[in-house]
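Work through the exercises below with the sequence and the model open beside you. Try each task before you read its solution.

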Amino acid sequence: MRFSEFGLTTLKEVPAEAEIVSHQLMLRAGLIRRLASGLFTWMPIGVRVLRKVEAIVREEMNRAGALELLMPAVHPAELWQETGRWDQYGPLLLRIFDRHQREFCFGPTHEEVITDIARRELRSYKQLPINYYQIQTKFRDEIRPRFGVMRSREFIMKDAYSFDVDQAGLDASYQKMHDAYTAIFTRLGLTFRVVWADSGEIGGSKSQEFHVIADSGEDAIAYSDEDDYASNIETAATSPAATTRPAASAALQKIPTPGVRSIDDLCKLLKIEAAQTIKTLIVHGDDGPVALVLRGDHELNAVKAQKLAGVASPLTMADGDTIRKATGSEAGSLGPLGSKLPVYYDHAVTAMANFSCGANEVEQHFTGVNFERDLPLPATVDLRNVIAGDPVPGGNGTLKIARGIEVGHIFQLGTKYSESMRATIHDQDGKERAMHMGCYGIGITRIVGAAIEQNHDANGIIWPEPLAPFDVVLVPINLQRSAIVQEAAEALYAEMQALGVDVLLDDRDVRPGVKFADAELIGIPHRVVLSERGLTGGELEYRHRRDAESRDMKRAAVLELLLK
């Protein structure tokens, strides 16, 4: 490809609307252009990267025995109503009407559609196991699209769905997809971790996420420093405190705390650490408000809390009026002493002694609070996010926390969809039974953004070589004014093409500095510079995108290096 024929426009300035590095660089390097909020056109150079991702995903899915199909992007409402998700999915679902006023949605996922296919096509256990996959455009009506392709409304996804006779078969299909995903992200050249996760809106009994490790990641990942344990922070478990609770050594006192509305305010007033306080949060329950009590420096885990008996799901914090009616006080002055609400205590709380908490009176707090003297010692539950240094749940060592970008998610759905949609087969005994399903997704467009978040520097993108839009860029100096350079560049360009090297010839009549800057911005792994002086000495100038310096090499040596 010749640069002059590629129609590529790069930008020097960082676009004002771009918040994170991948969004900035994708706009600057000409990979995408914004159409509307959360909607992007993929430009020719961006499409080249997308196709590289798709090719690797397709090869590994085919190798794992999955069968490619292509389902409609628009779904009739009736299918989603069968599973109850028409109402459950809420405003994320883009609902539309045809000219006959029949209701449809633009599919954010395809469980209903594939289950409809399965119940029509699969009749006998002899047809199982089977796994269908597609690479398809999805749409989720995000309330606040942001971060470019990382959280856009329209995106490209690979989704696969397995069907098995029983749980044992599902376990085998799930493991096969786990292995395929591991191969995909390894081949893409990305640093990633596989973590246990919550199944969320998709549902099912078991799920794991594949995260590209990056400082800008939206998700926090907890992992062991001694074994292979890793989990999304939403699902990483905590255990009852193993330490002995100190003896009570302070008297219980109620003190005025004017202006105190938060744990930080309380700590500043009393000159104590947040770990010496507890906080009481009021949430909606099935039969009225419920109190959740955590150590002051710990963060409530909504996924865990909404699974507790009597707590409403999804978790919803109580408003000021509800809190005042239930406690007689206000947020910022709440505590468990004297509370008449159902209370859940986090595991870590009962290891505390001589702590401070709200007194359920406006701008009043207790200090010197102790269990078994001022409060009965309660049963405890897992309510909080893990933190670095916590013990590994059921494993070895302690937890570390990293940031990750979710690019893949695999689920065991079981019979959640097949039962509600009556997708059954006849087993070996002739009995009708619901098929066991698995669901396996990869964000194709998101991978591109995640790769950039993990691989960039001040000058631009540094593509892992399997993802690069071109293998090498040829940069002739004074191409339009030197016959020697022109002849050598055209000959090398033709030879590289003949050898199967994906090469971009920068034949523009611009300054060398502009060519070098664009090559680094675009992130092409290999750069070869041809100059009249170098050619006279029989050498080319070679530089890898990750190298700090260039080096002079013979033409044959450069070709040998590129072919490797």
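The exercises that follow concern a predicted model.

**Exercise 1. Domains and cores**

Task: State into which domains the chain is divided, and find where the largest nonpolar core lies with respect to them.

Solution. Step 1: list the domains. The chain is divided into domain 1 (13–191 + 414–452), domain 2 (253–381) and domain 3 (470–563). Taken over C-alpha atoms, the centres of domain 1 and domain 2 are 41 Å apart.

Step 2: describe the core. The largest nonpolar core has 67 residues, and Leu31, Tyr181, Phe185, Val448 and Trp463 have the most contacts inside it. Domain 1 and domain 3 both give residues to this core, so it lies between them. Another core, of 28 residues, lies apart from it; Cys105, Val113, Ile114 and Ala423 are among its members.

Step 3: look at one core residue. Beyond its neighbours within four places in sequence, Trp463 is in contact with Leu31, Val49, Val448, Ala451, Ile452, Ala468, Pro469, Ile522, Gly523 and Pro525.

**Exercise 2. A strand and its two partners**

Task: Decide whether the residues of strand 28 are buried or exposed, and name the strands that pair with strand 28.

Solution. Step 1: use the cut-off, under which a residue is buried if its relative accessible area is under 20%. Five of the five residues of strand 28 (residues 526–530) are buried, so this strand is largely enclosed by the rest of the structure.

Step 2: sort the side chains by direction. In a regular strand, side chains alternate between the two faces of the sheet. Here His526, Val528 and Leu530 point one way, while Arg527 and Val529 point the other way, and all are buried.

Step 3: find the partners. Strand 26 (residues 472–476) pairs with strand 28 in the parallel sense over five bridges. In that pair, Val472 has His526 as its bridge partner. Strand 29 (residues 539–544) runs antiparallel to strand 28, and four bridges join the two. There, Val528 has Tyr542 as its bridge partner.

**Exercise 3. From a hairpin to a helix**

Task: Follow the chain from strand 1 to the residue after helix 2, and check the span of helix 2.

Solution. Step 1: start with the strands. Strand 1 (residues 32–36) and strand 2 pair in the antiparallel sense over four bridges, and the bridge partner of Arg33 in strand 2 is Thr41. The two strands form a hairpin with two residues between them, and Gly38 in the turn has a positive phi of about 75°.

Step 2: cross the loop. Met43 lies in the loop between strand 2 (39–42) and helix 2. Its relative accessibility is 27%, so Met43 counts as partly exposed. Apart from neighbours within four places in sequence, Met43 is in contact with Gly30, Leu31, Ile32 and Arg33. Val165, 122 residues away from Met43 along the chain, has its C-alpha atom 44 Å from that of Met43.

Step 3: check the helix. Helix 2 (residues 44–63) has 20 residues, which at 1.5 Å a residue should span 28 Å; the end C-alpha atoms are 28 Å apart, which agrees.

Step 4: find the buried residues. An α-helix has 3.6 residues a turn, so residues three or four places apart point the same way. The buried residues of helix 2 include Ile45, Val49, Val53, Ile56 and Glu60. After helix 2 comes Gly65, whose phi is positive, near 90°.

**Exercise 4. A buried serine in a loop**

Task: Locate Ser333 and list what surrounds its side chain and the rest of the residue.

Solution. Step 1: Ser333 is found in the loop between helix 9 (320–327) and strand 16 (343–346). With a relative accessible area of 3%, Ser333 is buried.

Step 2: the side chain of Ser333 reaches the backbone nitrogen of Glu363 at 3.0 Å. Outside its neighbours within four places in sequence, Ser333 is in contact with Gly358, Ala359, Asn360, Glu361, Val362, Glu363, Gln364 and His365.

**Exercise 5. An open sheet**

Task: Give the strand order of the open sheet of four strands and name its edge strands.

Solution. Step 1: the order is 14-15-16-19, with mixed pairing. The edge strands are strand 14 (278–285) and strand 19 (380–381), each of which pairs on one side only.

Step 2: strand 14 pairs with strand 15 (residues 288–295) in the antiparallel sense over eight bridges. In strand 15, Pro289 is the bridge partner of His284.

Terms used: Residues are numbered from 1 along each chain as its sequence is written. This is a predicted model: local features need pLDDT of at least 70, side-chain atom pairs count only at pLDDT 80 or more; totals for chains, interfaces and linings use all residues. Side-chain values use heavy atoms; hydrogens and water are left out. Buried means under 20% relative accessible area, exposed over 50%, partly exposed in between (1.4 Å probe, protein chains only). Two strands pair if DSSP finds at least two bridges between them. The expected span of a helix is 1.5 Å times one less than its number of residues. A polar contact is a pair of N or O atoms within 3.5 Å; within protein, one must be able to donate a hydrogen and the other to accept it, and residues adjacent in sequence count only if both atoms are side-chain atoms. Contact means heavy atoms within 4.5 Å. A nonpolar core is a set of buried Ala, Val, Leu, Ile, Met, Phe, Trp, Tyr and Cys residues joined through side-chain atoms within 4.5 Å. Domain bounds come from an automatic or database domain assignment.
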